[in-house]
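Welcome to the tour. Keep your viewer open and your selection tool ready, and we will go from stop to stop together.

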Amino acid sequence: MKIDFMRWVDFWIGVPLCFIFSILNSLLRLIGIGRLKPGFKPQRILFIELSEMGSTILAYSAMKKAKEIFEAEIFFLIFKKNAESVRLLNIIPEENILTIRSHSFPTLLLDTVSVFGKMRARRIDTAIDLELFSRFTSLLCFFSPARAVVGYHRYHMEGLYRGNFRTHRVLYNPYYHMSQNFMALVYSLIDDARGEPLLKRRINRSEIEHASVNSTDEEKETLRNRLQEINHDLTEPIRLVLLNPGASELLPVREWPLEYYQKLAAEICSSELTAVVIIGVERDKSQAQAICDFVQDGRCIDFTGRTANLRELVTLYNISDLLVTNDSGPAHFAGLSNIRIIALFGPETPRLYAPLSDNCEALHADLACSPCVSAYNHRKTTCQNNECLQAITVEQVYEEVLRSLSG
């Protein structure tokens, strides 16, 4: 489904439904139905994050902390097309990953009804809604069998209405990194007695862990061979610099200009000891071809659509030296490896969404209009001219490339 149609449905249908069922929820609680009993301890926790694969990576610490604190069984609900990002973390068993197809409205409704039955069969008692202000996931929590429902609440903020179903209402903090915001949801289950708004606790960045994926020697060798099939000179001591010029269809405004990538690739290939590998999905192939045509060097190769899955992508990171990327999912997946990362931010801010990696340098022009997409506008912007990214020059990025490669 188109993202604008999903936003339309979420607002025009989601808001009235949230209002109606909030009234019903209040009436049920008045007569004692649905109240959370004192001393409740979660045993089967369902995390819900449907649409953002990168956010799944950022939620790793929250999921791990929930397992540690409550010794609970962990489940995850996500759109089927994004489920591989959960599997990659290797923290939730395959049978505990619930999915919903999103390619059409009828299949979305059909799978939603089906997933309610799966929740009941697995006796889910706690739902943690990682979505920021989605009405759809709020309604999923209401119809779930969960007795404890955790999520972000608007309190006195205008708009952002998503009903009043949550037993643990957490204030979204736009000055905290998203990994810290996710951690606040988990902590609210033990700190709810301290009063609202939740969460009355400091969450240090030192509490946030990032997952890692170790590729086997065989996996690395397979990727090296596939690169050498394209150019047999891509062997040591040649250093591999990956470029990710694409962004998701959700936010193409996050793309650094293509001509900047072309000039950067040419600069990188000017050294005989470096090569450029352009990555992305199949729809990014035209951008990759444009970069290769501009550089006119066999050490600049198009590898878009050549990784079969996310694990292969992480393996590619594990055999490469540096990734230059737009703010998008690949930046967060790179955080699962030891590759150095240069992430280019504009419409969103690294204060919230920087990859969880000690090897990441986030570049951000910090214009007054940036970030222009956020939880408060459902990540929809009127911007047609992303000067926030154009302000990050090729020279600036190339200097960071040289600094990163020099170690």
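Start by selecting P237, which sits in the loop between α9 and β7 (239–244). Look at the peptide bond that leads into this proline: from E236 to P237 the bond is cis, with omega near 10 degrees. Before you go on, bear in mind that this is a predicted model.

**A second cis bond**

Now move back along the chain to L199, in the loop between α8 and α9 (217–230). Here too there is a cis peptide bond, from L198 to L199, with omega near 20 degrees. Most residues other than glycine have a negative phi, and most peptide bonds are trans.

Stay in the loop between α8 and α9 and select N204, which has its place there. Is N204 buried or exposed, or something in between? With a relative accessible area of 32%, N204 is partly exposed. Add R226 to the selection and draw a distance between the two C-alpha atoms: N204 and R226 are 22 residues apart in sequence and 42 Å apart in space.

**Zooming out**

Time for the whole view. Colour by secondary structure and you will find 16 helices and 12 strands. Along the principal axes, the C-alpha atoms fill a box of roughly 75 × 45 × 45 Å. How does the radius of gyration compare with that of a compact globule of 407 residues? The globule would have a value near 22 Å, and the protein has 22 Å, so the two agree.

Switch on the surface next. The protein exposes about 18,700 Å², and carbon and sulfur atoms supply 51% of that area. Of the 407 residues, 53% are buried. If you show the charged side chains, you will see 45 positive and 48 negative ones, with the centres of the two sets 11 Å apart. As for contacts with a separation of 6 or more, 65% of them join residues 24 or more positions apart.

**Into the cores**

Hide the surface and select F47, I128, Y152, M178, F182, L227 and Y317. These are the residues with the most contacts inside the largest nonpolar core, which has 75 residues. Which helix gives the most to this core? That is α8 (residues 178–191), with eight residues.

Centre the view on L227. Beyond its neighbours within four places in sequence, L227 is in contact with L234, L240, V277, I301, F303, L316 and I319. Apart from this core lies another one, of 29 residues, and W256, L264, L344 and I392 are among them.

**Helix α4 and its neighbours**

Select residues 60–70 to bring up helix α4. Its buried residues are Y60, S61, A62, M63, A66 and F70. Now show what surrounds them: the buried residues of α4 pack against β1 (44–48), α3 (53–58), β2 (73–79), α5 (84–89) and α8. Take one step past the helix to E71, which follows α4 and has a positive phi near 50 degrees.

**The loop between β12 and α15**

Our next stop is the loop between β12 (360–364) and α15 (387–390), where R379 is found. R379 counts as buried, because its relative accessibility is 14% and the cut-off for buried is under 20%. Show its partners: leaving aside neighbours within four places in sequence, R379 is in contact with R7, E52, L250, L251, R254, E348, V373 and S374.

Two other residues of this loop are worth a click for their backbone. H378 lies in the loop between β12 and α15 and has a positive phi of about 55 degrees, although it is not a glycine. H378 counts as partly exposed, at 28% relative accessibility. D366 is found in this loop too, and its phi is positive at about 60 degrees, again without being a glycine. At 45% relative accessibility, D366 counts as partly exposed.

**Last stop: P347**

Finish at P347, in the loop between β11 (340–345) and α14 (350–353). Is P347 buried or exposed? Its relative accessible area is 2%, so P347 is buried. Not counting residues up to four places away in sequence, P347 touches V253, R254, S370, P371, C372, V373, C388 and L389. R254 and V373 may look familiar, as both are also among the contacts of R379.

For a parting distance, select P93 as well: P347 and P93 are 254 residues apart in sequence and 35 Å apart in space, C-alpha to C-alpha.

Methods: Residues numbered from 1 in each chain as written. Predicted model: local features only at pLDDT ≥ 70, side-chain atom pairs only at ≥ 80, totals over all residues. Heavy atoms only, no water. Helix = DSSP H or I, 4+ residues; strand = E, 2+ residues; numbered from the N terminus. Rg over C-alpha atoms; globule rule 2.2 N^0.38 Å. Buried < 20%, exposed > 50% of the residue type's maximum accessible area, 1.4 Å probe, protein only. Contact = heavy atoms within 4.5 Å. Areas by Shrake-Rupley, 256 points an atom, 1.4 Å probe, with all protein chains shown as cover. Lys, Arg positive; Asp, Glu negative; His and termini not counted. Charge placed at Lys NZ, Arg CZ, Asp CG, Glu CD. Core = buried A, V, L, I, M, F, W, Y, C linked by side-chain atoms within 4.5 Å.
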